[in-house]
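Open the model in your viewer and keep the selection tool at hand. We will take in the whole chain and then walk from stop to stop.

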Amino acid sequence: GIVIASLLAAYMSTIATHLNWGSSYVVNDFYRRFIEPGASEKKLVLIGRISTVIMMELASIVALWLNNAFQAFQILLQIGAGTGLLFILRWFWWRINAACEIVAMIVSFVAALYFQFLHASLMPGLPLADWQKLCLGVAITTLSWIITAIVTKPTDKKTLREFCRRINPGGPGWKKVFAEADSDGQKIVPVTQADNLALGILCMFIGTIAVYGALFGAGFWLYGNFVPASILTVVAVCAAVALVFFWDKVNRK
């Protein structure tokens, strides 16, 4: 009984978290920003409730198509891979705006559903392996948000300049914002020093290796595959040590 109760509690907490998270996206990042900026709190709560019901219905429809949990994992992987590049590059390029994120999430979700449920029946003569579906989904999503960034209105200058003042982002993707502020006589004076961009990106990859090495290593230990488990454990530990070594250099102010 305790095990069943814990599984139900974990399931409900996950569902509630994602529904609240999704409705917050709809209300704060879409409706209030693009549809009705002056909406009252009462109306925003109503929109949040309606969007929660709609998302639950859509999730139920998708669930009816699933034959096993691995299909759900593949859909989540496809969505995450498609939007992952955007969520990283938005810190390095001023032109990425909220519309890009909305388009990327929608396109990656639609692409994931297409490759998982429709491609085999619509194009039986063109079978695709899982890695090919993943790469195509990333390419389609990336192309969609790049086009969106080019054709949509950029974030207003005041917001961009305030972001640069507080964060002082490095790399060439923000030079235009600093240059335009200088030409307008509003020189941006950051409150922090710029981080070492190259070292920060390196630490990002090292951290990824550490996390996935630890995850897959733990899995191999549990299943008794001791050789790959030992290798991945060593890799994870070495990556963690390297990350600790570089941490002070990345955050030096």
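Begin with contacts along the chain: of those with a separation of 6 or more, 66% join residues 24 or more positions apart. What you have on screen is a predicted model.

**The whole chain**

Show the cartoon. The chain has nine helices and zero strands, so the pattern along the sequence reads α-α-α-α-α-α-α-α-α. Along the principal axes, the C-alpha atoms fill a box of roughly 65 × 50 × 50 Å.

Now switch on the surface. About 16,700 Å² of the chain is accessible, and carbon and sulfur atoms hold 72% of that area. Of the 253 residues, 27% are buried. If you color by charge, the chain carries 20 positive and 13 negative charges, whose mean positions lie 3 Å apart.

Next, color by pLDDT. The chain averages 89, with 98% of its residues at 70 or more. Among the elements, α5 has the highest mean, 93, while helix α3 (residues 69-89) has the lowest, 85.

**First stop: Cys100 and helix α5**

Select Cys100, which sits in helix α4. Is Cys100 buried or exposed? Its relative accessibility is 0%, so Cys100 counts as buried. Leaving out residues up to four places away in sequence, Cys100 touches Leu86, Trp145, Thr148 and Ala149. Draw a distance from Cys100 to Ala149: the C-alpha atoms are 5.9 Å apart, although 49 residues separate the two in sequence.

From there, move to Thr148, one of the residues touched by Cys100. Thr148 belongs to helix α5, which covers residues 130-151. With 9% relative accessibility, Thr148 is under the 20% limit and therefore counts as buried. Beyond the residues up to four places away in sequence, Thr148 touches Ala99, Cys100 and Val103.

**Second stop: Arg95 in its loop**

Select Arg95, found in the loop between α3 and α4 (98-122). Arg95 has a relative accessible area of 12%, so this arginine is buried. Which residues does Arg95 contact, leaving aside neighbours within four places in sequence? They are Ala149, Ile150, Thr152, Lys153 and Pro154. Ala149 is also touched by Cys100, so you may want to keep that residue displayed while you compare the two stops. For a distance across the model, pick Ala139: its C-alpha atom is 19 Å from that of Arg95, and the two are 44 residues apart along the chain.

**Third stop: the aromatic rings**

Show the side chains of Phe, Tyr and Trp. A pair of aromatic rings is described by the distance of the centres and the angle of the planes. The count for this model is 10 aromatic pairs. One of them is Phe70 with Phe73, a stacked pair with 6.2 Å from centre to centre and 25° between the planes. These two phenylalanines are three residues apart in helix α3, so about one helical turn separates them. Phe70 is partly exposed, at 48% relative accessible area, and Phe73 is partly exposed with a value of 48%.

Then go to Trp221 and Phe226, a tilted pair whose centres are 5.8 Å apart and whose planes make an angle of 55°. Trp221 counts as partly exposed, at 41% relative accessibility.

To finish with the rings, select Trp91, Phe163 and Trp174 together; they form one aromatic cluster. Keep Trp91 selected and add Ser183, 92 residues away along the chain: their C-alpha atoms are separated by 23 Å. Ser183 lies in helix α7, and its relative accessible area of 59% makes it exposed.

**Last stop: Asn168**

Select Asn168, in the loop between α6 (157-167) and α7 (175-183). Most residues other than glycine have a negative phi. What is the phi of Asn168? Asn168 has a positive phi of about 55°, although it is not a glycine. With a relative accessible area of 12%, Asn168 is buried.

Key. Residues are numbered from 1 along each chain as its sequence is written. This is a predicted model: local features need pLDDT of at least 70, side-chain atom pairs count only at pLDDT 80 or more; totals for chains, interfaces and linings use all residues. Side-chain values use heavy atoms; hydrogens and water are left out. Helices (H or I, at least four residues) and strands (E, at least two) are DSSP runs, numbered from the N terminus. Buried means under 20% relative accessible area, exposed over 50%, partly exposed in between (1.4 Å probe, protein chains only). Contact means heavy atoms within 4.5 Å. Accessible areas come from the Shrake-Rupley method with a 1.4 Å probe; for residues, only the protein chains shown count as cover. Lys and Arg count as positive and Asp and Glu as negative; His and the chain ends are not counted. The place of a charge is taken as NZ of Lys, CZ of Arg, CG of Asp or CD of Glu. pLDDT is the predictor's confidence in each residue, from 0 to 100. Rings of Phe, Tyr and Trp (its six-membered ring) pair if their centres lie within 6.5 Å; planes under 30 degrees apart count as stacked, over 60 as edge-to-face and the rest as tilted.
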